[in-house]
Amino acid sequence: MMKKITFLIVLIFIISCSSPLDKKFNENTSKEDLMKIQSKIDSTQFYLLAGSMLRLKLQDNKIENMTYREILEQGEKWKVEEEKRQEELKRLAEKARKEQDERTRLLSESIIVSCFEKGFTKYNYEDYITYKFVIKNKSVKNIRAVKGSITFMNLFDQEIKTLNLVYDESIKANSTVNYNAQTDYNQFKDSDKALKNKDLKDMKVKWNPEKIIFEDGTTLE
């Protein structure tokens, strides 16, 4: 009776150890081995195993010394590490996005630039589109200089032209200033022609703040 029990224990042990995953990798039999393994594990694990084999080979690891199970376990470790890395990247991206949103909010709340007149003029045989802007410092600090851009759009929010705007004269806290500007007019550029010929009332004007330098030396960007 004891011999039968012992035999059964040995038989169970042999069967449990006969999984194709417990076989050491062999290049010559790998195709057949993988076919057997494929029926024992789910597709996710199988593709992870195949990918891990390739990665180990590219890293010049001697996978002949590893069983398929060990290769799969290594792949699962890499998978966990990659998931952690991706989560960290997501957290960093979300943090950066929130910080950028906060900077944009502060910029938008600190300074407003609006175009209240657009015209056209000729000077010394050159053509220019002219603009009159009003700049309002909504902050509690004097501004030394401001940088941003003005985008002119049609009523369907399609961009006509974007202009860079730099104003480097003092603007007192909670006050406004007027600023006159002009840009060269190129009759061969569609954007210039559209901007020249369209009335300001038929356009949308968007102020895009980029950087504010305050007189106390601090900046916002």
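Modeller: Contact means heavy atoms within 4.5 Å. Helices (H or I, at least four residues) and strands (E, at least two) are DSSP runs, numbered from the N terminus. This is a predicted model, in which local features need pLDDT of at least 70 and side-chain atom pairs count only at pLDDT 80 or more, while totals for chains, interfaces and linings use all residues. Residues are numbered from 1 along each chain as its sequence is written, and side-chain values use heavy atoms, with hydrogens and water left out.

Colleague: Start with helix 2. How wide an arc do its buried residues cover around the axis?

Modeller: Buried means under 20% relative accessible area, exposed over 50%, and partly exposed in between (1.4 Å probe, protein chains only). In helix 2, the buried residues are Ser30, Asp33, Leu34 and Ile37. They sit on the same side of helix 2, because their arc (taken from the directions from the helix axis to the C-beta atoms) is only 95°.

Colleague: Which residues are exposed on the other side of helix 2, and what is included in the cover of its buried residues?

Modeller: Lys31, Met35 and Lys36 are exposed on that other side. The cover over the buried residues includes helix 3 and helix 4.

Colleague: How far does helix 3 reach from its first C-alpha to its last?

Modeller: Helix 3 spans residues 43-58, which makes 16 residues. The expected span is 1.5 Å times one less than the number of residues. That gives 22 Å, and helix 3 comes close to it, at 23 Å.

Colleague: Which helices do the buried residues of helix 3 pack against?

Modeller: Those residues are Phe46, Leu49, Ser52, Met53 and Leu56. Their arc around the axis is only 125°, so they lie on the same side of helix 3. Thr44, Tyr47, Leu54 and Leu58 are exposed on the other side. The buried set packs against helix 2 (30-38) and helix 4.

Colleague: At the start of helix 3, which residue has a side-chain oxygen that reaches the backbone nitrogen of Thr44?

Modeller: A polar contact is a pair of N or O atoms within 3.5 Å; within protein, one must be able to donate a hydrogen and the other to accept it, and residues adjacent in sequence count only if both atoms are side-chain atoms. Here the oxygen comes to within 3.1 Å of that nitrogen, and it belongs to Asp42.

Colleague: Now the sheets. Which are the edge strands of the open sheet of four strands?

Modeller: Two strands pair if DSSP finds at least two bridges between them. This sheet has the order 4-3-6-7, with antiparallel pairing. Two strands pair on one side only: strand 4 (159-167) and strand 7 (219-220).

Colleague: In strand 6, which residue is the bridge partner of Val146?

Modeller: Strand 3 (residues 143-153) and strand 6 (residues 204-214) pair antiparallel over ten bridges. In strand 6, the partner of Val146 is Ile212.

Colleague: In the hairpin of strand 3 and strand 4, which residue takes a positive phi?

Modeller: Eight bridges join these two antiparallel strands. Met153 has Glu159 as its partner in strand 4. Five residues lie between the strands, and the positive phi, near 65°, belongs to Asp157.

Colleague: By how much are neighbouring strands turned in the open sheet of three strands?

Modeller: The order is 1-2-5, again antiparallel. Strand 1 (111-123) and strand 5 (175-184) each have a single partner strand, so one side of each lacks a neighbour in the sheet. With direction ignored, the average turn between neighbouring strands is 20°.

Definitions and conventions. Axes fitted to C-alpha atoms, helices over the stretch in contact; angles between N-to-C directions.
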